Amino acid sequence: MKVPFLDLSQQHKAIRTEALAALTATYDATRFCLGKDVDEFEQNLATTLGYPRALGMNSGTAPLHVACMLAGFGAGDEVITTPFTFISSAWGISYVGARPVFADIEAGTYNLDPAKIAAALTPRTKGILVVHLFGQPARMEEIMAVARQHHLFVIEDCAQAIGARYQGAPVGVIGDVGTFSFYPTKNLGGCGEGGALVSRREELHTRARHIRVHGSDRRYYHDIIGGNFRMDGFQGALLNVKLPHLGAWTKRRQTIAARYLDGIRLAGVRLPEQPAYGQSVFHQFTIRHSRRDALREFLARREVGTDLIYPVPLHLQKCYANLGQGRGTLPVAEGTSDTCLSLPIFPELTDEQVAHVIASINSFTG
Ligand SMILES: *Cc1c(COP(=O)(O)O)cnc(C)c1O
């Protein structure tokens, strides 16, 4: 039985008629940048997930960049973040001339360890950029306590955590600014690039709205330095079709995760921890095993697709070699990169496919 790591075609086949009708309407109205579809999507996103307001942008990297502009980070400032994430989490910090300082993660949740954040503070620390990795909320209570004590700006990268809750509250509005990605492989994916920014602080939201369109409130008048971070009309149109399905798709991911947690029995496997404070939306289901490469090859022979997410932590990437956080400085993140293996977890997987993944893992003897 073949189990692909990810297959986007089934989901898009199921909504094809509705999706193409929405895209056609947008095409016919030539609503190509922002406009009614994006306005409606922002409203829908806010009401569906419980945000006061939301701003559509042209990638998930864009709101991270805008968030760092809103925070006022700049040369000489340090922003503490996780080394175990997609590179984009750190880009915004670098774009504004500040310095990412990587603090180690917890082995159980793959997220920032609050104690390691506290240990990384210096007089130059201006903010914390939290990532709710794989859909699992980070320990926000402890992180916010550090932030409050040291007057730090908190950005939440929710690119993988749309719909996730921390102590009942949606992620993204616990800190100062939250960001999302609608890259096609995300839990809510567009038909191209897309992202969003949320904030419980209205003044930040207003400033972000101006930054999104070249620092402008009124056309050709530019009060602050901005950029082009606008969402396409087509993305708004497709995401409006998909958003009503997100709840069911997320439930299915959680059901599959529960089967994996319950069924995987292979000795030496470390399963992702599920703390009681929140609810993961399982963008990934990532296990650890000391013989990871052999396990991966074994699964490939049984036609089970897997991926290494992420094979190299950020502090060991060439682009950040100048920061001087070499191998050995963040042992949990490094050990995780060396042993992690992400399993197939998309809503359209059948029960039989999930059972095949579990049986295959449990039969590994290598
Ligand atoms: C996908 C992703 C991003 C960036 O999103 P893009 O839409 O690809 O720019 C940022 N952070 C994390 C954790 C992501 O997974």
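In this predicted model, helix α3 (residues 36-49) and helix α9 (residues 233-242) pack with their axes 7 Å apart, and the angle between the two is about 45 degrees. An angle of that size is neither under 35 degrees nor within 65 to 115, and α3 and α9 are therefore oblique to each other. The crossing of α3 past α9 is left-handed. On the α3 side, the residues that meet α9 are Asp-37, Val-38, Glu-40, Phe-41 and Asn-44; their counterparts in α9 are Gly-233, Gly-236, Ala-237, Leu-239 and Asn-240. Sorted by class, this contact of α3 with α9 holds four nonpolar, four polar and two charged residues.

Helix α9 also has α2 (residues 16-28) as a packing partner. Here the axes lie 9 Å apart, at an angle of about 150 degrees. Because angles over 145 degrees count as roughly antiparallel, this is the description that applies to α2 and α9. The crossing of α2 past α9 is right-handed. From α2, the residues taking part are Glu-18, Ala-19, Ala-22, Leu-23, Thr-26 and Tyr-27, and they meet Gly-233, Phe-234, Ala-237, Leu-238 and Val-241 of α9. The contact of α2 with α9 comprises eight nonpolar, two polar and one charged residues. Gly-233 and Ala-237 of α9 appear in the contact with α2 and also in the contact with α3.

Turning to the strands, seven of them make up an open sheet with mixed pairing. Reading across the sheet, the order is β1-β9-β8-β5-β4-β2-β3. The edges are formed by β1 (55-57) and β3, each of which pairs on one side only. On average, neighbouring strands of the sheet are turned by 25 degrees against each other, with direction ignored.

At the β3 end of this order, strand β2 (residues 78-81) pairs with β3 (residues 99-102) in the parallel sense, through four bridges. Within this pair, Val-79 stands opposite Pro-100 of β3. The chain passes from β2 to β3 by way of helix α5 (residues 88-95), and the resulting β-α-β crossover is right-handed.

A second parallel pair in the sheet consists of β4 (residues 125-131) and β5 (residues 153-157), joined by five bridges. One of the positions involved is Gly-127, whose bridge partner in β5 is Phe-153. Helix α7 (residues 140-150) lies across both β4 and β5, and the direction of α7 is at about 170 degrees to β4.

Note on methods: Residues numbered from 1 in each chain as written. Predicted model: local features only at pLDDT ≥ 70, side-chain atom pairs only at ≥ 80, totals over all residues. Heavy atoms only, no water. Pairing = 2+ DSSP bridges. Right-handed = clockwise from strand over helix to strand, strands pointing away. Axes fitted to C-alpha atoms, helices over the stretch in contact; angles between N-to-C directions. Left-handed = near helix turned anticlockwise from the far one by under 90°. Contact = heavy atoms within 4.5 Å. Nonpolar A, V, L, I, M, F, W, Y, C, P; charged D, E, K, R; others polar.
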